[in-house]
Amino acid sequence: LEAKGYRFVIEKKEEKTGEWRQFSRSKLDIGQTFVASIVNVPNGFWRIKLSPGVVANSWWSLLLLVIALVVAALGAYFTYRILLEPIKLRRLVKEKTKELEYLAFHDALTGLASRRLLQEKINEHLERVRHTDNILGVLYLDLDNFKRINDTMGHDMGDQLLQEIALRVQSCVSQGVDVVSRMGGDEFAVLLTSIDSKKDAEVIAKQLINTIAEVIKLRHREVVMMASIGITIGPEDGLLAEELLLNADLALYAAKNNGKNQYKFFNQQMQQKMISMLDMEEGLREAIKRDQFFLVFQPIVSMSTKETVKFEALARWEHPTKGVIYPGTFIEEAEETGLIVPIGWQMLEKACKFINQYTNRYQQTMTVAINVSPRQFMEADFVTRVREILAENTVLPKHITLEVTESMLMEDIDHALVVMDQLRKDGMQFSMDDFGTGYSSLAQLKQLPVSSLKIDRSFVMDIGSQNEGVQIVEAIIAMSHKLGLDVVAEGIETQEQSDLLEGMGCEMGQGYLFSQPITVKQLL
């Protein structure tokens, strides 16, 4: 504007005082001749004042006066132009206002409605159907594993993919009647105003999943995307846009947890589960702060001598009102919220303290195996933190075995190799936990610097009754020995299982047959 000869002032209205605070202005004063327009955007009211620079310049005004006195016709011409300037200014302000309003209510990448516009439309239609038998549907859609597109093909390709998905979503709904919105990232929402029943919403959800799953071509590559959808119905499930969107998001969460690439309708149990999860998260934070987590230790014995060769450290939560809580109740929530990371560091410190206590009590050092969560293992400073904790507690790395799951290692095998190689050079051992339940290949297994495999208890439970179970365990043990790895069988509960495993060449075992997990006090 300034380069074209205009002078301007941009002001923002303070919400508390109602006063207009100057935000930006041209170098030259705006003068007395100007037009103003107020613009309403999501963060408040703004005002722009525009003035043609030609009016404010005194020398130009004098020149106009001289010209007007000498040549009346020429003066009239300039006067005519000046009288048109406010109209031009108003037109310019109107155009810019429309641009701002469009940006406020639409997504810049896809052109779809913004979250704010969607909320307004939902509330508008809720008001219409509130006292009728009509309904509306809200679908919350999230692409499954979209992150891998950005990671492998770049964000430009990711943006192109999102634009294509936006077109496909729009093709599945009634144009001009239903509203499609991009909520952010790879999340979309759809307001269905033309449905008569839940069945109609279900039909559209299925169509969306099938349409999105069709092959997309990006840079000579074919990509197949899957989507999970949460569905909620108004006004049955809520009387406000925020409520319906939250419920649809809860249903989406349930769909993803149930295996992805599917849809789920919202129900009250989902809401109760979310409340329970929030309570659990709050309890976990308090437990970390008050040091309510503790370790119990289960012996891992030699199958030949039945003597304890190491302990596995297992986490427990001493809840002030509920008593001892087992990991199955809180580990999943701790993983999802990231609280598993501080819990994991506390458990490693407690394991180191136990090693020192055991050494002082029995004058010999016992190795402790401790589980590592995927979230903790992927921390950028994982190796540094492990080394710091061991050094602070004067525990040698060789007395700690970190148990990692094969699915966790396969998620990012390159990162896993770097981390494990650094700690293995320090003398630390690694054991692959729950072997046989993940998806590692033999070629990948050969790369990993693990010293032992733990056969999952689900296989051990079968070897006393099913021949297939015996064959699987025999194969795992034989393969492990070929790779130079020791084998630990967990979940041994009967003498028959113990005898069979020993006969197969299994070196170590743990389970209730030998000992249940016991506290530090009981051990010492």
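**Exercise 1.** In this predicted model, find where Phe 78 is placed and decide whether Phe 78 is buried, partly exposed or exposed.

*Solution.* Start with the secondary structure: Phe 78 belongs to helix H3, residues 72-105. Next take the relative accessible area of Phe 78, which is 23%. Buried requires under 20% and exposed over 50%, so Phe 78 counts as partly exposed. For its position relative to Ile 67, the two residues are eleven apart in sequence, and their C-alpha atoms are 9.6 Å apart.

**Exercise 2.** Determine which residues of helix H13 (residues 382-392) are buried and how they are arranged around the axis.

*Solution.* First list the buried positions: Phe 382, Val 383, Val 386, Ile 389 and Leu 390. These cover an arc of only 135 degrees around the axis, so they lie on the same side of H13. As background, an α-helix has 3.6 residues a turn, so residues three or four places apart point the same way. Then turn to the face directed away from the buried side: Ala 391 and Glu 392 are exposed there. Now identify the cover over the buried residues, which includes helices H11 (340-362), H12 (374-377) and H15 (413-426), together with strand S16 (400-405). Finally, just after H13, Thr 394 has a positive phi of about 50 degrees.

**Exercise 3.** Identify the residues that form the nonpolar surface patch of about 210 Å², and place Met 226 in a strand.

*Solution.* The patch is made by Val 215, Val 224 and Met 226. Met 226 lies in strand S10, residues 226-234. With a relative accessible area of 32%, Met 226 is partly exposed.

Definitions and conventions. Residues are numbered from 1 along each chain as its sequence is written. This is a predicted model: local features need pLDDT of at least 70, side-chain atom pairs count only at pLDDT 80 or more; totals for chains, interfaces and linings use all residues. Side-chain values use heavy atoms; hydrogens and water are left out. Patches are made of residues with over 30% relative accessible area and no salt bridge: like charges are joined within 9 Å, nonpolar side chains (Val, Leu, Ile, Met, Phe, Trp, Tyr) within 5 Å. Accessible areas come from the Shrake-Rupley method with a 1.4 Å probe; for residues, only the protein chains shown count as cover. A salt bridge is a side-chain nitrogen of Lys or Arg within 4 Å of a carboxyl oxygen of Asp or Glu. Helices (H or I, at least four residues) and strands (E, at least two) are DSSP runs, numbered from the N terminus. Buried means under 20% relative accessible area, exposed over 50%, partly exposed in between (1.4 Å probe, protein chains only). The arc is that of the directions from the helix axis to the C-beta atoms. Contact means heavy atoms within 4.5 Å.
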